[in-house]
Amino acid sequence: MPLLNNLMQKEYFVQGPLSLGLWRTLNGEITMAIAEKMASNQKQIAISEFFEKNKHFLGFDSMPRSIITAVKESVDNSLDACEEARILPDIKIRLTKIEDKKDVIELMAEDNGPGIPEAAIGKVFGQLLFGSRFHAIRQSRGQQGIGITGVVMYSQLTTGKPTIVVSKIANETSAVSVKIGLDTRKNKAIKSEQDRIIWEDDDGVLKEHGVKVTCRMKAKYQRGKQSVYQYLRMTSIVNPHAAITFTDPDGEVHHWPRVTERLPTKVDAIKPHPHGIELGQLQRMLRESKESRMTVFLRANFSGVSMRAAKQLCEAAEVSEKAKPSTLKPDPIRNLIEAFQGERLCEGRIVKLLAPPINCLSPIEEMLIKKGLSKTIDSKFISTMTRAPSVSHGNPFQIEVGLIFGEGMVGDSHVEILRFANRVPLMYQQGGCLLTKAIEKVDWRQYGLEQAGGKGVPKGPAAILVHLASTNVQFTSEAKEALADNEIVFEETRKAMLEMGRGLRKHLEKKKKMAKTREKFELINDILPAIAAKSAAILGRPVPDLSGSITKIMNAIIAEEESVWNKETKQVDVKIIFYNYSSRARQYTLLTNWPEKSGAVMVGNERGGRKETTGIWAWKMETLNPGENAMIEYSLDGLEKGDWTETDVFFRGNQEVIGATKMDEKMLEEIRNQEEISRAAGIEIPDDDIIDEDEDTAPVAEGDNRQTTLFGGEA
Amino acid sequence: MARVNDPELTKRELHGVVAEMYDRMVKGEAPTMTLPVRTKNNIGFDKKLGVYKYGKKRSVRDASSLGSAKNLLRALHVVEFIEEMIKSGKSSTLREMYYISEGWGYGKFGSQNDSNNLAEDLEVITTCLREDFKLRPEEDGARMIGNLTLQEKNRKGEWMRINARDDVGDSGYGVPYNVEIEKIELLEHDVDFIMAIETGGMFDRLIENGFDEDYRCALLHLKGQPARSTRRILKRMNEEWGLPVVVFLDGDPWSFRIFASIAYGAIKTAHISEYLATPSASYLGITADDILAYDLPADELSKKDVEALNAELSDPRFADGWWQDQINMMLEINMKAEQQSLAKYGLDFVTDTYLPEKLGELGLA
């Protein structure tokens, strides 16, 4: 079986030939299961039989689900291909009902990806288990599903029709057009009507590169929570760099525009970490290793293992450093696993391993989640957060959350939960998913949402987004729709939710307070002068001076904030007016936050002041006498419209300031500390370029990333 | 008597309200309006007048919140509006004033209720009447039938003599909103008492059965919670003609309140109780023991009914023993009955049996 040999040959692939690497088929556990099953079974299994037996977890178990799976496979492929080729994706999906045929839908999926070379098309579309992505340890979409071959097979099994593939790569002038069918006994593609064609788009412009797949299948188009529409909408939220156009069977066109030109960070594959390895995998790695010594094997094949650690692992496992890895017996192998897990000690201590590198993760990042959410949901308040990367059982992972709240959303039903794993929407089994459970564990009532008994999915005009980025996403079942329980991931998610909740509560409190303040301003600016004028007129006396009454009524120090997008300058203009409506002279230091981490630059700040820490600026204000006011003005450059709509104002001083929060000095300290940690860890702040893979980077403590924000602190 | 009927005095009283605000601003304080607390916790029996009046509790409305500041501004607009009407000899309904306030900018009323309440506030503070303010209520007064003769000044300023039995149709004499001496004079009568009735159905039943003739009485339809002019004309007939007043209502907690407003004074208008209340009025029925004695078809008390009864137990106007017994009995039997329930025994039962028996207890039949 050449295919399986091919799979077994190397434990991981960093990258195959570029355009081949783009098209994935099977991955992760399913693949392992199939591969092992097939390896142990000397008979040739008809792939179609396997498909038929397993279609429930391959996503083709019902007609409504089949069309979603088909769309998903092609979109996932397109996004992965574009990402690797560093192309901004333009994806078109069109579903058409075939007349006179009940429950047959034609799917047309087109992208502007790099295209597939003619020679590879047969393998990509017509052979299961083909692909270079398999077993590479990094964050990839393709940990789910069976791949595009499954779509080809499903359409052949249900309609008997081949799939039409058009593909063009950049350095060829014409495109290839071919019909693909499957020889399910030989696990091979049957090509027919292969031709070179000139591929033009609808406007008659020559297509530079891309793939177009057209196939017919038995399927049913539905609307609602589990639909092609919802899948594409969710996909567009977590892929803000993609433009997606969807034509539904009724001919209605839905378009989700691209909101950023920034492609996701390129991720590198990493070697497995000893904490995340299982016996079978280790056995295989040892058997196939070419290394001559154990220490070299450990250093070369695992991340987080220094020379010292390699020696200590051998000692703990009672394996000679000089032993030849490929000849290791089962017992020593088991010892080695125990040493990996810290169950065997070296000199009475657990062997210290470095954390795996985290540059294999590609979070969406706060600002882009914000943009993704705001393009599909119309609302006022959006808070997003990307937690620092963490590690669970040797697998790096990162949690990102977003909360959107307010007008334009349904208020009396459960909040919408948008779950994602490695940028792939999870649409089924919401209740059984770790991410949902983490949301349900939070008492949302304290943050301004309704929730019966303080647990369960809260109610209110809100949507919650959770994204898990990980090199190894663990699902509850083969269906790969719900994340399996994992204490560390759960805690990270829950903490992120608390953070969101605090942000929401602050927002609601602030809104309430500002509404009150606005009322007071109306009172002193409009009503009081009218009372003075009218009473004076009725009594025929002079209009009284109101400054005393105003001070008595307000009896407060007030900060008014305004952050507005300036179309001309393409900047956000920030203005803070600071009023002293108290009866004494006042002196304060005012501070504001600005999105420095997202690359914003403060300009036109004529008052000067100084930078307090990352993203916090401070001004020492002059003494204000009763009734006086002062103003701070500056602009933020390097942002896009909608990036920054609200500036937080903080103060140092004795009396409370309406519209501002007292600066929490401990929190500032925390932010500075975190910066130190991040800097030491090699994460550049504020830039977010990829860092070199370096095994000796400082460890990221498991389950504790000391993350905090300005509003942070733990609950 | 609160009645002033003196435009200059009215103006002076209103200016007092304005001056309170003005003087506070001159002192560098927030402007205020001080007025008696208008709840049942601040009404007490005035021995001299025999009615319930506001006590000494005062509340201060100051301009420290937007809502109350707007209220002060509205009050100023209303004062100005009243002065204009006094000057031009016009009057306006409360509803008209509400619409006129559209042009008052920040002083605009939020609802009709706001304007009604403010008019009452000003009455309470100044001890003037809304008639002095040239403000009329929307609701029309009661209907009356019986051998009473009065004269009313019509729009042309001429006095018209009207007998409320011979000069009217089946709907009776309509009581105008102003029943003061400048508008209505009570001339003569030939009845022994006046019966005030809650529902129109019962009023019409008694007329059809000729009850007013048979029992030498005048009938007055209250139309639910009676308007000020209804209470005022009852009071005048009681005082000026010395006629006893009996009140015939449904047997439920809300009827008890109607009776209290007729006999003792309403909480909302306690500032002018001595002018509206008829302390000698008697409650004829339907009482709680009538429900049992006559075995009347009854409904169970609702939650709101029970709440109302419990509130009445602590209302100073129902403090005497008879009322406490009635309220407690109604709570105990957990029943209420309508006037119309008497029809269980036929259309004539009320006039042939029930009323004669009840009036007999009072010595009126």
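This is a working chat about a predicted model with a chain A and a chain B.

Biologist: Let's start with where the two chains meet. How many residues does each chain put into the contact?

Modeller: Chain A gives 24 residues and chain B gives 26 residues.

Biologist: And how much area do chain A and chain B bury between them?

Modeller: About 2100 Å². Carbon and sulfur atoms carry 71% of that area.

Biologist: Which three residues of chain A supply more of its buried area than any other three?

Modeller: Ile531(A), Lys534(A) and Ile538(A). Together they supply 28% of the area that chain A buries against chain B.

Biologist: What about charges and polar groups across the interface? How many salt bridges and polar pairs?

Modeller: There are 4 salt bridges across the interface of chain A and chain B. There are also 6 residue pairs in polar contact, with both residues at pLDDT 80 or more.

Biologist: Which helices of chain A each supply at least two residues to the side that touches chain B?

Modeller: Helix H15 (487-539) and helix H16 (547-554) of chain A. The largest share comes from H15(A), with 15 residues.

Biologist: What classes of residue make up that side of chain A?

Modeller: The side of chain A that touches chain B has 13 nonpolar, 3 polar and 8 charged residues.

Biologist: Give me one salt bridge that crosses between the chains.

Modeller: Arg541(A) and Asp23(B) form a salt bridge through their side chains, at 3.4 Å from N to O. Arg541(A) sits in the loop between H15 and H16 of chain A, while Asp23(B) sits in helix H1 (residues 7-26) of chain B.

Biologist: Is Arg541(A) buried or exposed? And its partner?

Modeller: Arg541(A) is partly exposed, because its relative accessible area is 36%. Asp23(B) is also partly exposed, at 34%.

Biologist: Why do such side chains pair at all?

Modeller: Side chains of opposite charge can pair when their charged atoms come close.

Biologist: How many salt bridges are there over all chains?

Modeller: The search of the whole structure finds 58. One of them joins Asp90(A) and Arg258(A), with the closest N and O atoms 3.7 Å apart. Asp90(A) lies in strand S1 (residues 90-97) and Arg258(A) in the loop between strand S8 (253-256) and helix H9 (279-288) of chain A, so the pair ties together parts that are 168 residues apart in sequence.

Biologist: How accessible are Asp90(A) and Arg258(A)?

Modeller: Asp90(A) is partly exposed at 38% relative accessibility. Arg258(A) is partly exposed too, with a relative accessible area of 24%.

Biologist: Now a buried pair, please.

Modeller: Lys207(A) and Glu110(A) are both buried. Their side chains meet in a salt bridge at 2.6 Å, N to O. Lys207(A) is in the loop between strand S5 (188-197) and strand S6 (210-218), and Glu110(A) is in strand S2 (residues 104-110), 97 residues away.

Biologist: New topic. How many disulfides are there over all chains?

Modeller: The count is 0.

Biologist: Where do the cysteines sit, then? Take one from each chain.

Modeller: Cys82(A) is buried, with a relative accessible area of 0%. Cys217(B) is buried as well, at 1%.

Biologist: Now chain B on its own. What is its secondary structure?

Modeller: Chain B has 13 helices and 17 strands. Of its 365 residues, 55% are buried. Among its contacts with a separation of 6 or more, 72% are between residues 24 or more positions apart.

Biologist: Where is Asp299(B), and what does it touch?

Modeller: Asp299(B) lies in strand S16 (residues 299-300) of chain B. Not counting residues up to four places away in sequence, Asp299(B) touches Asn334(B), Met335(B) and Lys336(B). Its C-alpha atom is 6.3 Å from that of Ala337(B), although the two residues are 38 residues apart along the chain. Asp299(B) is partly exposed, because its relative accessible area is 45%.

Biologist: And Ser68(B): buried or exposed?

Modeller: Ser68(B) is buried, because its relative accessible area of 16% is under the 20% cut-off. Ser68(B) belongs to helix H2 (residues 66-88) of chain B. Leaving aside neighbours within four places in sequence, Ser68(B) contacts Arg61(B), Asp62(B) and Ala63(B).

Methods
Residues are numbered from 1 along each chain as its sequence is written. Chains are lettered from A and ligands numbered from 1 in the order in which they are written. This is a predicted model: local features need pLDDT of at least 70, side-chain atom pairs count only at pLDDT 80 or more; totals for chains, interfaces and linings use all residues. Side-chain values use heavy atoms; hydrogens and water are left out. A disulfide is a pair of cysteine sulfur atoms within 2.5 Å. Buried means under 20% relative accessible area, exposed over 50%, partly exposed in between (1.4 Å probe, protein chains only). Contact means heavy atoms within 4.5 Å. Buried area is the accessible area (1.4 Å probe) that two parts lose on being put together, summed over both. A polar contact is a pair of N or O atoms within 3.5 Å; within protein, one must be able to donate a hydrogen and the other to accept it, and residues adjacent in sequence count only if both atoms are side-chain atoms. Helices (H or I, at least four residues) and strands (E, at least two) are DSSP runs, numbered from the N terminus. Ala, Val, Leu, Ile, Met, Phe, Trp, Tyr, Cys and Pro count as nonpolar, Asp, Glu, Lys and Arg as charged, and the others, Gly among them, as polar.
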